[in-house]
Amino acid sequence: MGTSLSIKGYKTFGLRDEWVDEYVCDPDNFWESTLLGSAMFDSFKAWSKDIGLLDIKNKCTEFGEILQNIYKENPSLFWEIVWINLTYKSFIVNRFATLIKPGTTFDKKFLADAISASESVSSLTTLNNAVGALMDMFKNSPIGEELEQGLNNEKKRLRHSYDDLSAEALAYSLYVYGEKNDTHEFRVSDLYQPNVEYGPYIEFGISKNAIFKKLRYLSTESNRVLIAELNMGLDHITLRQDLNSTSVLELLTK
């Protein structure tokens, strides 16, 4: 795999919806919260740095301010953005997203085995802690059930294609993908290549049909954030030169 992310164990906790809720309601007094023990605070800090909410000094970033506002208005979009960012910044989420295809049932052992079979891992304990943290996030945040990345399936979980991705999150995802690949132009088919490591399909298992539908909407919006040429067999996407992933998110959530 091309991405050199180091494994974090996240103290075996996932990013939990109730923590985010408490943080956003009162960021200043959050650190005195009795809801979280010290390991939970450490976990919250680690996840929040990976999603861009906190800086290295645990202060809210400018992007974090945008995320907080989104959480208050549209919690589903908040979690979609969180998941997109984690596929780039978190080892365990990146490996899950690239190795566990939509339609696959999995448990802790299945995921840990899939990762250790695909690359050498320096510490199996840290890997198992990271897998446990991801499973905890599926259980305690909307990413599991609402975003369908870890649906309850008897004793296992199921990763499902999430075609209900919001147009705002898709636009954000495409701009992040463009920044990662240093391009403003690509094709929908590029996002579905066998060796692709990033983008909306990797993040959500979203179908091409669902992407086309949302691209048509984004391309005809009065405040058009991209150009999609989708007729006559074309599948070209052109991003605006004057926007980036953060400004496109701001524009679409005003």
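Helices here are DSSP runs of H or I with at least four residues, and strands are DSSP runs of E with at least two, both numbered from the N terminus. Counted in this way, the protein, which is a predicted model, has 12 helices and 6 strands. Its radius of gyration is 18 Å, close to the 18 Å that the globule rule gives for 254 residues, so the protein is as compact as a globular protein of that length.

**Overall build**

- Along its principal axes, the C-alpha trace of the protein spans about 55 × 45 × 35 Å.
- Of the 254 residues, 51% count as buried, while the surface that the protein exposes comes to about 12000 Å², with carbon and sulfur atoms supplying 46% of it.
- Among the contacts with a separation of 6 or more, 62% are accounted for by residues 24 or more positions apart.

**The nonpolar core and Leu15**

- The largest nonpolar core holds 85 residues, and the members that touch the most others in it are Leu15, Ile92 and Leu215.
- Once its neighbours within four places in sequence are set aside, Leu15 is in contact with a group of residues that includes Val20, Phe44, Trp47 and Ile51, and also Trp79, Val82 and Met137.
- The contacts of Leu15 also take in Ser48, Asn140 and Ser141.

**Helix 4**

- Helix 4 covers residues 75–89, and at 1.5 Å a residue its 15 residues should span 21 Å, which agrees with the 21 Å that separates its end C-alpha atoms.
- This helix is mostly covered, since 12 of its 15 residues are buried.
- The buried residues of helix 4 include Trp79 and Val82, both of which are also in contact with Leu15.
- Also buried in helix 4 are Glu80, Asn85 and Thr87, along with Phe78, Trp83 and Tyr88.

**A sheet of three strands**

- One open sheet consists of 3 strands in the order 1-3-2, and its pairing is antiparallel.
- Strand 1 (105–106) and strand 2 (151–153) stand at the edges of this sheet with a single partner strand each, so one side of each is left without a neighbour in the sheet.
- Strand 1 and strand 3 (residues 156–158) run antiparallel and are joined by 2 bridges, and in strand 3 the bridge partner of Phe106 is Arg157.

**Loop residues with a positive phi**

- Asn58, which is not a glycine, nevertheless has a positive phi of about 65°, and Asn58 lies in the loop between helix 2 (38–51) and helix 3 (62–73).
- Glu154 likewise has a positive phi, of about 55°, although it is not a glycine, and its place is the loop between strand 2 and strand 3.
- With a relative accessible area of 80%, Glu154 is exposed, because residues over 50% count as exposed.

**Ile206, a buried loop residue**

- Ile206 is found in the loop between helix 10 (200–204) and helix 11 (208–220), and Ile206 is buried, with a relative accessible area of 0%.
- Not counting residues up to four places away in sequence, Ile206 touches Tyr162, Asp163, Leu165, Tyr192, Pro200, Tyr201, Ile211 and Lys214.
- Although Ile206 and Phe78 are 128 residues apart along the chain, their C-alpha atoms are separated by 18 Å.

Conventions: Residues are numbered from 1 along each chain as its sequence is written. This is a predicted model: local features need pLDDT of at least 70, side-chain atom pairs count only at pLDDT 80 or more; totals for chains, interfaces and linings use all residues. Side-chain values use heavy atoms; hydrogens and water are left out. A nonpolar core is a set of buried Ala, Val, Leu, Ile, Met, Phe, Trp, Tyr and Cys residues joined through side-chain atoms within 4.5 Å. Buried means under 20% relative accessible area, exposed over 50%, partly exposed in between (1.4 Å probe, protein chains only). Contact means heavy atoms within 4.5 Å. Two strands pair if DSSP finds at least two bridges between them. The expected span of a helix is 1.5 Å times one less than its number of residues. The radius of gyration is taken over C-alpha atoms; the globule rule is 2.2 Å times the number of residues to the power 0.38. Accessible areas come from the Shrake-Rupley method with a 1.4 Å probe; for residues, only the protein chains shown count as cover.
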